[in-house]
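Work through the exercises below with the sequence and the 3D structure at hand. Try each task before reading its solution.

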Amino acid sequence: MRENDILRDAGLTVRVLVLSDPASWVVDCSRCRMPFMLDNDILDDMEPVSTNEYRIPYTDEELEPRQKETRDKRYSLIEPLLSVECITNKAHRNRIIHDVSVYAGVGMQTVKSYLWRYWVAQSRNALLPSERQQKEPPPLTADQKNIRWALNRFYYSPLQHTLKNAYTLMLKEKYTDAHGTLQEPYPSFHQFRYFFYSTRDPVNEAISRKGLKAYQRNHRAFTGSVREYAAEIGTFMTDATIADIYIVSRFSRKVIGRPIIYTMVDAHTNMITGLYVGLEGGKHGLRMLLANTIMHKAEYCQQHGIEIDPEQWPAHHLPRRILTDRGKEFIGDVLENLCSEYGIEIVNLPAYRPDLKGPVEKLFDLLQTSYKPHLKGKGVIEPDFQERGGHDYRKDSTLDLEQFTAIVIRCVLYYNSEHIMQNYPRTESQIAADVPPVASKLWLHGMAQPEGALPTVDAGRFTLALLPRIQGGFTQKGLEVNGIHYNNSAYNKRFVTAGMRGKEKVTVAYNPDDIGTVWLYESMVYTPFEVVQSQYRGKTLDELTQLRKDEKNLKSQYQQQELQARVSLIADIEDIAAQATPVEPQTVKTISTGIRANRAAEQRQEPSVFEILRGNGA
């Protein structure tokens with residue numbers, strides 16, 4: 001007797017899975033049941049059976065792609081169970097079957113069925129789907145053809161007619177005479193409805209009535225999983241939402257609208273790795289989120305008056321990749337600079353696929369349901385806020401941005417360090433280490449793995465990497481950026497060279513909130529340059545833009561005034577010239593000899609300086 005032998009006696013057929021003494025582990029080949037032990041004496045008395053009786057006589061070349069796909073998908077479910085321990089240890093086997101069942105969304109009995117079939121046949125092909133003979137459908141009757149025509153024409157259309165309307169329109173088009181009189185026999189509405197339900201195609205119905213985009217957004221099968229991208233920690237997903245609460249200003253206590261919440265979530269552990277709560281979204285919000293991601297969270301919480309143990313929120317690392325949904329703030333220089341600087345991969349998820357970013361989508365629900373029930377009457381928005389005559393929740397606002405941020409941080413701490421994720425599919429290593437399904441614990445376990453450790457970065461350099469880039473140029477007057485000149489004495493030689501050979505184009509990082517300093521970015525090195533014109537120190541890029549706009553408007557006004565002055569000047573000149581008496585005709589010789597005498601006579605008529613001052617009252 002050897003392992004994998006098939007034995008039969010008295011109607012019982014078994015395959016030997018694990019040999020041991022004095023009993024071995026076998027599986028019943030006739031009935032779906034999990035392995036059990038039989039005494040070796042009993043097994044020795046049983047008759048051997050040829051293994052060909054349970055051989056699956058198919059090769060991959062003979063199978064269709066859909067059959068192989070189904071077989072391999074089923075095999076992936078039972079693969080974690082193909083160990084000796086899963087045969088001999090019932091508790092261990094059932095625990096893994098439960099985890100696989102929860103993760104894959106299939107019943108435990110289904111997983112057991114696949115496992116039993118594999119153990120009996122000892123072949124993946126035992127998991128092939130059973131083929132059913134399809135009966136040839138009978139030909140359609142004339143009435144059925146008319147019903148099909150009416151459904152395609154009236155029901156499966158953007159006009160979204162009801163079944164009753166489609167039935168009535170069919171009678172009008174197919175069962176009336178030239179005068180519009182209904183002609184018998186005609187199908188009943190019951191027949192019409194029965195044909196519809198017996199041939200109904202949900203995909204065709206959703207697309208034809210509501211459009212392809214609506215189908216992809218609301219009805220398509222969400223069979224993907226973020227685990228496709230996140231086998232270990234380091235894959236961060238990011239998204240933003242407008243909070244369901246109105247807040248007030250810290251200074252005036254007046255309503256300032258609804259804040260924006262940006263989050264960064266590790267897809268493998270569901271750990272919230274970054275947070276930004278503020279009033280400005282777009283690229284500014286994304287920069288603030290990324291800066292918070294690499295920040296030590298104990299320090300961040302302390303800024304908001306919250307003391308924590310660093311293990312409650314241990315994330316302050318760079319990701320390996322970032323998943324985005326191609327929002328406008330996630331496309332552009334912010335993430336591109338980060339990628340080129342630190343080698344981070346950006347994965348743009350396809351549209352209408354919330355199943356691929358489930359953790360970050362669910363996170364917003366968890367955060368908002370954590371604080372909303374306890375902030376009723378303090379600006380929280382209820383579902384009726386857009387209904388006519390609904391309550392104006394802006395009038396209830398009491399929290400300012402700082403207070404609301406502290407509340408969100410508390411919710412994040414609870415979610416990261418206390419919340420038990422009931423449906424989290426733990427890996428084999430997490431199960432072996434008895435790591436509870438808590439985000440912070442899973443994160444610390446992942447960081448302890450050789451392949452899991454993530455790098456940390458210098459905050460100052462990381463901040464520079466988040467700055468937008470622009471093309472500048474070395475000129476004789478310095479580094480020119482946004483029409484302003486900057487200086488660094490170490491680059492005087494390049495300024496001179498640019499003056500002789502022409503402008504040299506370079507890449508420059510700048511801070512839109514303070515244009516007093518820019519950074520030359522060359523060979524992965526940032527070199528600061530200070531603005532030459534002192535009036536621009538401490539100014540923002542928006543202020544510079546407005547200043548130039550004002551200057552342009554002012555120059556336009558000055559140019560109009562100057563043009564008017566030139567027109568007036570020409571008119572005055574012409575008036576004076578018109579009053580001048582022409583010189584009497586003289587010969588050239590007479591003009592030449594008389595100029596000196598005429599000039600002396602004219603000089604005697606000019607007033608002296610004392611007469612001029614006396615005339616001015618001096």
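**Exercise 1. Describe the second largest pocket: its volume, its lining and the kinds of residue in that lining.**

Step 1. The volume of the second largest pocket is about 380 Å³. A pocket is found on a 1 Å grid over the protein atoms alone, as an open set of points where a 1.4 Å probe fits, with protein on both sides within 12 Å along at least five of seven lines. The volume is the space filled by probe spheres set on the points, which are joined across faces, edges and corners.

Step 2. The lining consists of 15 residues, where a lining residue has an atom within 4 Å of a point. Nearest the centre of this pocket lie His-284, Arg-287, Asn-511, Pro-512 and Asp-513.

Step 3. At least two lining residues come from each of helix 11 (282-293), helix 18 (459-466) and helix 20 (541-579). Helix 11 gives the largest share, 5 residues. Helices (H or I, at least four residues) and strands (E, at least two) are DSSP runs, numbered from the N terminus.

Step 4. By kind, the lining has 6 nonpolar, 4 polar and 5 charged residues. Here Ala, Val, Leu, Ile, Met, Phe, Trp, Tyr, Cys and Pro count as nonpolar, Asp, Glu, Lys and Arg as charged, and the others, Gly among them, as polar.

A note on the basis of these solutions: the model is predicted, so local features need pLDDT of at least 70 and side-chain atom pairs count only at pLDDT 80 or more, while totals for chains, interfaces and linings use all residues. Residues are numbered from 1 along each chain as its sequence is written, and side-chain values use heavy atoms, with hydrogens and water left out.

**Exercise 2. Check the span of helix 7 against the expected value, and find where its buried residues lie.**

Step 1. Helix 7 covers residues 163-174, which makes 12 residues. The expected span of a helix is 1.5 Å times one less than its number of residues.

Step 2. For helix 7 this rule gives 16 Å, and the end C-alpha atoms are 16 Å apart, so the two values agree.

Step 3. The buried residues (under 20% relative accessible area, 1.4 Å probe, protein chains only) of helix 7 are Leu-163, Ala-166, Tyr-167, Met-170 and Leu-171. These residues cover an arc of only 140 degrees around the axis, so they are on the same side of helix 7. The arc is that of the directions from the helix axis to the C-beta atoms.

Step 4. Helix 6 (142-155) and helix 8 (189-198) are among the elements that cover these buried residues.

**Exercise 3. Compare Lys-68 and Arg-74: is each buried or partly exposed, and what does each touch?**

Step 1. Lys-68 is in helix 2 (residues 65-78), and Arg-74 is in helix 2 as well.

Step 2. Lys-68 has 26% relative accessibility and therefore counts as partly exposed, a class that runs between the buried limit and exposed (over 50%). Arg-74, at 18%, counts as buried.

Step 3. Contact means heavy atoms within 4.5 Å. Beyond its neighbours within four places in sequence, Lys-68 is in contact with Asp-60 and Leu-63. Arg-74, with residues up to four places away not counted, touches Tyr-114, Arg-117, Leu-127, Leu-128 and Pro-129.

Step 4. Lys-68 and Pro-129 are 61 residues apart along the chain, and their C-alpha atoms are separated by 9.1 Å.

**Exercise 4. Which peptide bonds before Pro-22 and Pro-185 are cis, and where do these prolines lie?**

Step 1. The bond joining Asp-21 and Pro-22 is cis, with omega about 15 degrees. Pro-22 lies in the loop between strand 2 (12-18) and strand 3 (23-28).

Step 2. The bond from Glu-184 to Pro-185 is cis too, with omega near -5 degrees. Pro-185 is in the loop between helix 7 and helix 8.

**Exercise 5. Locate Gln-122 and Asn-482 and state the phi of each.**

Step 1. Gln-122 is in the loop between helix 5 (108-121) and helix 6. Its phi is near 55 degrees, a positive value in a residue other than glycine.

Step 2. Asn-482 is in the loop between strand 14 (478-481) and strand 15 (484-487). Asn-482 is not a glycine either, and its phi is positive, about 55 degrees.

Step 3. Gln-122 is partly exposed at 31% relative accessibility, and Asn-482 is partly exposed at 26%.
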